[in-house]
Amino acid sequence: MRRRLLPAALLLTLALPASACGGDSAASPAGGNTDGQGSVTLNVGDQKGGSEAMLRAAGELKNLDYKIKWSTFTSGPPLLEAVNAGAVDIGGVGNTPPVFAAGAGSKISVVAAWHGTSRGDTVLVPNDSRLRKPAELKGKSVAVAQGSSAHYQLVASLKKAGLSLADIRVKYLQPADALAAFTSGKVDAWAVWDPYTSQVLRAKQGRILTTGDGVTNGLSFQVAAPRALEDGKKVAALKDYLERLRRATAWVHDHKEEWAEVWSKDTGLPYDVALDSVKRTNASRVAVAVDDPLVASEQEIADAFTELRLIPRKVDFGDFVDRRFNGDLPPSTTPARD
């Protein structure tokens with residue numbers, strides 16, 4: 001039987017949705033075209049098939065009073081490095097990269113948040129695996145991208161099962177290498193996110209052992225550079241940009257098939273994989289406030305990685321948020337969309 005998986009070469013360039021950024025892949029800045037007009041230019045960090053594609057599909061890049069210069073990155077950590085350096089004013093990442101950036105003392109501020117499901121964050125096992133529950137991972141090898149949302153999902157899932165990372169053999173691999181290891185039987189399980197989850201399931205290469213639903217917080221963020229937040233004109237542009245991004249996210253929920261088609265063309269994902277991922281993960285996100293429960297939830301992630309000595313120092317996540325863009329948004333505990 002032929003196995004329908006994306007080639008490893010394509011996986012190296014495939015954009016990952018923001019809710020799942022992570023790992024230590026190198027950045028691939030690609031100065032993009034500008035939209036709008038005016039004297040202010042927002043430098044926005046993005047991933048292929050990410051914010052720019054969604055905003056354009058939703059018609060939210062029209063009538064801008066400022067310009068946007070897009071730069072493309074392969075994952076969250078290098079994007080946040082660019083934010084820290086002031087090369088990027090704002091960019092989207094998942095729930096774990098800001099924790100590692102904060103631990104490194106980076107100059108970042110979480111300015112906007114979305115709450116979605118974590119059903120696409122999974123631990124996958126081969127179809128013929130004897131493993132049936134997370135507790136059975138003890139002594140097994142598990143591939144995961146270090147510093148990614150999947151990394152914390154693995155930590156939290158193991159904890160719920162009464163285990164820790166010390167109880168398994170962790171293989172820190174980026175998705176392309178992890179996929180090869182998983183499909184060749186070199187690891188027993190793979191902790192990963194959508195669209196990889198949808199890809200493996202569609203190709204009938206594996207099944208879900210457990211998901212992050214009810215285990216992780218399902219949050220994703222827009223993170224800004226403090227320097228940009230000190231510029232009055234850029235603050236006005238950021239406010240407008242975030243409002244457009246929130247509307248575009250809502251548009252995805254009501255136009256799943258249309259967005260899956262755009263996303264498929266932009267990333268090279270097969271349409272059925274893109275649609276599965278949209279329905280399972282992407283369309284669930286709802287814009288929420290950057291509030292105390294959010295800070296507390298991220299603090300749990302920070303404390304977990306500090307305890308594991310993967311973050312070198314104690315992090316006070318509250319020092320890395322800016323709440324001025326909350327407006328009348330609902331609390332971060334608002335349920336994800338169905």
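In which helix is Ser264 found? The place to look is helix 10, which covers residues 256-267. Keep in mind as you read that this is a predicted model.

## Helix 10 and its buried side

Let's stay with Ser264 for a moment. Is Ser264 buried or exposed? With a relative accessibility of 13%, Ser264 counts as buried, because the cut-off for buried is under 20%. Setting aside neighbours within four places in sequence, Ser264 touches Leu269, Pro270, Tyr271 and Ala274.

Now zoom out to the whole helix. Its buried residues are Trp259, Ala260, Trp263, Ser264 and Thr267. These residues span an arc of only 140 degrees around the axis, so they sit on the same side of helix 10. There's a simple rule behind patterns like this: an α-helix has 3.6 residues a turn, so residues three or four places apart point the same way.

You can also check the length of helix 10. Its 12 residues, at 1.5 Å a residue, should span 16 Å, and the C-alpha atoms at its ends are indeed 16 Å apart, so the two values agree. Right after helix 10 comes Gly268, with a positive phi of about 90 degrees.

## An open sheet of five strands

Next, have a look at the sheet. What is the order of the strands in the open sheet of 5 strands? Reading across, the order is 8-7-9-6-10, and the pairing is mixed. Strand 8 and strand 10 (207-211) are at the edges, where each has a single partner strand, so one side of each has no neighbour in the sheet. On average, neighbouring strands in this sheet are turned by 30 degrees against each other, if you ignore direction.

What does mixed pairing look like in practice? In general, strands of a sheet pair through backbone hydrogen bonds, either parallel or antiparallel. Strand 7 (residues 141-144) and strand 8 (residues 169-172) run parallel and are joined by 4 bridges; here Val144 faces Tyr172 of strand 8. Strand 6 (residues 122-125) and strand 10 pair in the antiparallel sense, also over 4 bridges, with Val123 opposite Thr210 in strand 10.

The chain gets from strand 7 to strand 8 by way of a helix: strand 7, helix 5 (residues 149-160) and strand 8 form a right-handed β-α-β unit. Another helix, helix 6 (residues 175-183), lies across strand 6, strand 7 and strand 9 (189-192), and runs at about 155 degrees to strand 9.

## Two fully buried side stories

Val142 belongs to strand 7. At 0% relative accessibility, Val142 counts as buried. Its C-alpha atom is 6.2 Å from that of Arg169, although the two are 27 residues apart along the chain. Beyond its neighbours within four places in sequence, Val142 has contacts that include Leu137, Leu154, Val170 and Trp190.

Phe317 lies in the segment after helix 12 (292-307). Phe317 is buried as well, with a relative accessible area of 0%. From Phe317 to Glu300, 17 residues away in sequence, the C-alpha to C-alpha distance is 9.4 Å. Leaving out neighbours within four places in sequence, the contacts of Phe317 are Pro98, Val99, Val110, Val295, Glu298 and Gln299.

## Helix 3 under cover

Helix 3 (residues 76-85) has its own buried set: Gly76, Pro78, Leu79, Leu80, Ala82 and Val83. What covers them? The cover includes strand 2 (41-46), strand 4 (90-93), helix 4 (97-103) and strand 11 (219-224).

## Unusual backbone angles

Most residues other than glycine have a negative phi, and most peptide bonds are trans. Here are some positive phi values in this model:

| Residue | Place | Phi |
|---|---|---|
| Gly86 | follows helix 3 | near 80 degrees |
| Asn63 | loop between helix 2 (51-57) and strand 3 (67-72) | near 60 degrees |
| Arg309 | segment after helix 12 | near 65 degrees |

Are Asn63 and Arg309 buried or exposed? Asn63 counts as exposed at 71% relative accessibility, and Arg309 is exposed too, with a relative accessible area of 76%.

Finally, there's a cis peptide bond to find. Which residues does it join? The bond links Asp194 and Pro195, and its omega is about 10 degrees. Pro195 is in the loop between strand 9 and helix 7 (196-202).

Conventions:
Residues are numbered from 1 along each chain as its sequence is written. This is a predicted model: local features need pLDDT of at least 70, side-chain atom pairs count only at pLDDT 80 or more; totals for chains, interfaces and linings use all residues. Side-chain values use heavy atoms; hydrogens and water are left out. Helices (H or I, at least four residues) and strands (E, at least two) are DSSP runs, numbered from the N terminus. Buried means under 20% relative accessible area, exposed over 50%, partly exposed in between (1.4 Å probe, protein chains only). Contact means heavy atoms within 4.5 Å. The expected span of a helix is 1.5 Å times one less than its number of residues. The arc is that of the directions from the helix axis to the C-beta atoms. Two strands pair if DSSP finds at least two bridges between them. A crossover is right-handed if, with the strands pointing away from the viewer, the path from the first strand over the helix to the second runs clockwise. Axes are lines fitted to C-alpha atoms, for helices over the stretch in contact, and angles run from 0 to 180 degrees between N-to-C directions.
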